[in-house]
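Work through the exercises below with the model open beside you. Each one gives a task, then a solution in steps.

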Amino acid sequence: MESIETSGYEIRQATLEDIPELIRMQVALQKDMDSIRENLLRPGQTNVAALREYYSARIRDEQTQMLVALPTESSRAVGMGAGKIWLHADYLPPRSGELIDLWIDPEHRRKNLARRIIAHLLRFFRLNRVDFLVVSYVEGNGIGESLWKRLQFEPVLVTATADRKDVEERLRMPIRRVAPLAYHTTLAGRSRISMTPAPVV
Ligand SMILES: CC(C)(COP(=O)(O)OP(=O)(O)OC[C@H]1O[C@@H](n2cnc3c(N)ncnc32)[C@H](O)[C@@H]1OP(=O)(O)O)[C@@H](O)C(=O)NCCC(=O)NCCS
């Protein structure tokens, strides 16, 4: 069995006080991924209120273990990672564990912190009888790819993105005005249906 270096840092469950650092790391993670691939579907980076809500929910959620890594005797997190249990009775297997938001600040990398966080999350999954693990990572993230491959993760599903206009061009679709689009908006807590002309493409 591979040993995991434990000195110098503490791994513990995140608390509400860690939220500012979690948000900082999430923004850094997103920026990093954006520098690898620009055509990603991404959360709005500037929406700090939404991120606060997101981490607050994660910390309170019993099906999620949200961890932070801190240098010993420091209260400032320098790494994070979460494990979420998904229950899906209509699927096989009926429960899975997703590894999410793994990030270590650059100056604290290559000290086994990611491994230690993952080891903690595996214990959480084991306790909850979750065997089927899932992780999503950006294609071209060489370090992420090497980490997950080394830990026996095998890519099984590809998510591909495209600009609709490029696909239309490839299909040689004629460019013309399309029918007005019906869409739903929620205003002041009331749902209503509006009609607006779609732009000419
Ligand atoms: C990926 C990341 C979390 C690794 O954190 P870390 O604490 O430095 O990783 P560890 O020291 O625990 O190393 C674990 C394994 O990751 C891989 N790895 C880490 N850094 C690497 C690097 N620079 N080059 C290649 N592989 C690397 C190795 O397989 C390593 O195992 P090894 O030491 O036995 O070779 C960190 O680099 C990071 O935050 N990257 C940006 C965000 C990201 O890519 N997150 C994961 C994507 S889902």
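**Exercise 1. The sheet**

Task: find the sense in which strand 4 and strand 5 pair, then place this pair in its sheet.

Solution.
- Step 1. This is a predicted model. In it, strand 4 and strand 5 run parallel, joined over four bridges.
- Step 2. Pick one position to check the register: E98 lies opposite V134 of strand 5.
- Step 3. Widen the view. The sheet is open and has five strands, in the order 1-2-3-4-5, with mixed pairing.
- Step 4. Look at the edges. Strand 1 (9-13) and strand 5 (132-135) each have a single partner strand, so one side of each lacks a neighbour in the sheet.
- Step 5. Add the twist, which averages 20° from one strand to the next.
- Step 6. Add the helix on the sheet. Helix 3 touches strand 1, strand 2 (64-71), strand 3 (79-87), strand 4 and strand 5. Its direction makes about 25° with that of strand 3.

**Exercise 2. The whole chain**

Task: state how many helices and strands the protein chain has, and give their order.

Solution.
- Step 1. Count the elements: five helices and seven strands.
- Step 2. Read from the N terminus: β-α-α-β-β-β-α-β-α-α-β-β.
- Step 3. Check burial. Of the 201 residues, 18% count as buried.
- Step 4. Check contact range. Among contacts with a separation of 6 or more, 58% join residues 24 or more positions apart.

**Exercise 3. A helix pair**

Task: describe how helix 1 and helix 2 pack.

Solution.
- Step 1. Choose the descriptors. Two packed helices are described by the angle between their axes and the distance between those axes.
- Step 2. Apply them. Helix 1 (residues 19-36) and helix 2 (residues 48-60) pack at about 115°, with axes 10 Å apart.
- Step 3. Assign the hand: the crossing of helix 1 and helix 2 is right-handed.
- Step 4. List the contact. Helix 1 brings I19, L22, I23 and Q26; helix 2 brings V48, L51, R52, Y55 and S56.
- Step 5. Sort these residues by type: six nonpolar, two polar and one charged.

**Exercise 4. The ligand shell**

Task: which residues are closest to the ligand, and which elements supply its shell?

Solution.
- Step 1. The shell holds 19 residues, and the closest are R109, A114, R115, G144 and L147.
- Step 2. Two or more residues come from each of helix 1, strand 4 (95-104), helix 3 (113-127) and helix 4 (142-150).
- Step 3. Helix 4 gives the most, with five residues.
- Step 4. By type, the shell has nine nonpolar, four polar and six charged residues.

**Exercise 5. Loop positions**

Task: is T72 buried or exposed? Then inspect the backbone at P93, R129 and Q152.

Solution.
- Step 1. Locate T72 in the loop between strand 2 and strand 3.
- Step 2. T72 is exposed, because it has 8 C-beta neighbours inside 10 Å and the cut-off is 12 or fewer.
- Step 3. Among residues over four places away in sequence, T72 touches G8, Y9 and E10. The C-alpha atoms of T72 and I11 are 9.4 Å apart, at 61 residues along the chain.
- Step 4. P93 lies in the loop between strand 3 and strand 4. The L92 to P93 peptide bond is cis, with omega near -10°.
- Step 5. R129, between helix 3 and strand 5, is not a glycine, yet its phi is positive, about 55°. R129 is exposed, with 10 other C-beta atoms within 10 Å.
- Step 6. Q152 sits in the loop between helix 4 and helix 5 (164-170). Its phi is also positive, near 80°. Q152 has 7 C-beta neighbours inside 10 Å and counts as exposed.

Note on methods
Residues numbered from 1 in each chain as written. Predicted model: local features only at pLDDT ≥ 70, side-chain atom pairs only at ≥ 80, totals over all residues. Axes fitted to C-alpha atoms, helices over the stretch in contact; angles between N-to-C directions. Left-handed = near helix turned anticlockwise from the far one by under 90°. Contact = placed C-beta atoms within 7 Å. Nonpolar A, V, L, I, M, F, W, Y, C, P; charged D, E, K, R; others polar. Near = placed C-beta within 6 Å. Buried ≥ 20, exposed ≤ 12 C-beta atoms within 10 Å, placed from the backbone. Pairing = 2+ DSSP bridges.
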